Amino acid sequence: MHESTAIAHLFEEPQEQHGAVNPPVYHASLFAFPDYETWKAHVAGQQSRPYVYHRGSNPTVRILEEKIAHLEHGADCVATASGMAAINLVLSALLQTGDHVLCVDTVYGPTRSALQSLYRRFGVETTFFPAEASQDLRPYLQDNTRLIFLESPSSGLFQIQDLRAVAALARERGIWTAIDNTWATPLYQKPLNLGLDLSVHSGTKYIAGHSDLLLGLVVGTQEAMRPVRRVYTLLGASLAPDDAYLALRGLRSLPIRLRQHETSALRIARWLQEHPEVVEVLHPGLESHPHHALHRSQCMGDSGLFSFRLRPRGEAARAAFVNSLRLFHLGYSWGGFESLLSPLAFSYYGNHELRRQLGLTDDHYRVSIGLEDPEDLLQDLAQALEIYRRSGEAP
Ligand SMILES: *Cc1c(COP(=O)(O)O)cnc(C)c1O
């Protein structure tokens with residue numbers, strides 16, 4: 001069965017819901033036992049009931065989890081109240097005091113902060129490695145390395161890590177592996193097929209797709225999902241049924257939305273590459289991207305988020321450029337129907353050392369290409385870049 005068909009049909013049983021093809025939203029924190037014997041069999045672990053209390057599971061949420069597990073070929077999936085809840089779920093399920101984590105240095109900012117503050121406080125140390133080192137991480141391994149955390153492509157500089165190489169090394173050494181797979185979505189990259197243990201998503205982005213909810217997802221192998229499931233009910237960061245309903249609604253159109261994001265973003269990235277005000281475009285789907293071949297060998301398509309660097313023309317020109325855009329909203333998120341732009345350096349303002357290491361300047365912008373007509377988006381960028389050129393200092 002093709003994926004769009006699976007999304008439309010699998011794990012939904014309309015005849016169990018009076019024929020309703022759109023599954024009802026179960027606003028239910030509690031699912032009662034029919035009698036003493038059923039309760040006893042459940043408690044004794046002889047015949048466990050699928051729904052007991054929403055913190056563990058809810059029928060509306062479960063449909064979403066089963067669809068994502070199917071799409072990424074995982075043994076199980078859990079949905080959480082946000083992407084960060086999903087990431088913290090993975091970290092707190094797998095790590096303990098004295099452990100060491102290897103994490104890619106271009107990882108999503110709050111993931112980096114969580115490792116550096118929260119997990120360090122509990123006695124977990126992290127080494128951040130450059131994406132180029134992913135082909136051979138042996139020099140970074142310690143005896144207590146417990147987890148390798150990837151984000152490929154990373155969501156600011158679009159650096160690629162070699163998923164097969166990391167998985168092979170980690171398997172050999174008995175180290176867990178997890179990846180933030182948000183950029184590629186469950187449709188375009190299947191990390192479990194390449195040997196990784198866990199894949200994490202901020203479903204807030206493309207899966208929800210309409211900038212109207214927060215959602216996190218963890219999908220993984222049977223072995224890795226066992227500790228994740230156990231900690232899931234302890235953390236209490238379950239997804240609300242209304243948000244599961246909206247996420248299912250978003251998921252149904254993900255295959256067609258993603259194709260549009262992909263073609264529009266590539267068209268705009270190619271156009272920017274030719275523009276005289278643009279120094280560099282970072283999009284892993286472009287042949288000019290330094291890791292394009294590796295990316296193509298492990299990721300089947302491209303989403304609509306990329307970044308570019310303008311010729312430096314000073315602060316006044318930067319303000320004029322951003323303020324003259326009419327269709328691109330100024331904001332941090334991505335993956336929705338609307339196009340967004342964010343000055344990339346903002347994300348790293350508090351960390352000058354990291355900015356320097358990553359080569360980030362104030363002229364670096366990230367764009368999320370939405371579902372508007374790409375010709376309108378190009379025109380908007382063209383007029384804003386013309387204002388940029390005219391209002392700036394000569395480079
Ligand atoms: C947004 C984002 C997250 C966090 O997701 P939330 O739903 O906002 O908590 C994690 N990883 C990446 C790459 C993101 O862009």
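The following paragraphs describe the ligand site, the pocket that holds the ligand, and two local backbone features of a predicted model.

In this predicted model, local features were required to have pLDDT of at least 70 and side-chain atom pairs pLDDT 80 or more, whereas totals for chains, interfaces and linings use all residues. Residues are numbered from 1 along each chain as its sequence is written, and side-chain values rest on heavy atoms, with hydrogens and water left out.

The ligand is surrounded by 13 residues, of which Gly 83, Met 84, Asp 180, Thr 204 and Lys 205 come nearest; a residue is counted here if one of its heavy atoms lies within 4 Å of the molecule. By class, this shell comprises five nonpolar, five polar and three charged residues (Ala, Val, Leu, Ile, Met, Phe, Trp, Tyr, Cys and Pro count as nonpolar, Asp, Glu, Lys and Arg as charged, and the others, Gly among them, as polar). Helix α4, which spans residues 83–94, gives the most to the shell, with three residues; helices (H or I, at least four residues) and strands (E, at least two) are DSSP runs numbered from the N terminus.

Oxygen atoms of the ligand lie 2.8 Å from a backbone N or O atom of Gly 83 and 2.7 Å from a side-chain N or O atom of Lys 205, while a nitrogen atom of the ligand lies 2.6 Å from a polar side-chain atom of Asp 180. Of the 380 Å² that the ligand exposes when taken alone, the protein buries 92% (Shrake-Rupley method, 1.4 Å probe).

The ligand sits in the largest pocket, in the sense that more than half of its atoms lie within 2 Å of the grid points of that pocket. A pocket is an open set of points on a 1 Å grid over the protein atoms alone, where a 1.4 Å probe fits, with protein on both sides within 12 Å along at least five of seven lines, and lining residues have an atom within 4 Å of a point. The largest pocket holds about 510 Å³ of space, and among its 27 lining residues Tyr 108, Pro 110, Lys 205, Trp 334 and Arg 366 are the closest to its centre. Two or more lining residues come from each of α4 and α5 (109–121), with α4 giving the largest share, three residues. The lining divides into 12 nonpolar, 11 polar and four charged residues.

Two backbone features lie in loops. The peptide bond from Ser 152 to Pro 153 is cis, with omega near -10°, and Pro 153 is placed in the loop between β4 (145–151) and α6 (163–173). His 18, although not a glycine, has a positive phi of about 60° and lies in the loop between α1 (3–9) and α2 (36–43).

Note on methods: A polar contact is a pair of N or O atoms within 3.5 Å; within protein, one must be able to donate a hydrogen and the other to accept it, and residues adjacent in sequence count only if both atoms are side-chain atoms. Grid points are joined across faces, edges and corners, and a volume is the space filled by probe spheres set on the points.
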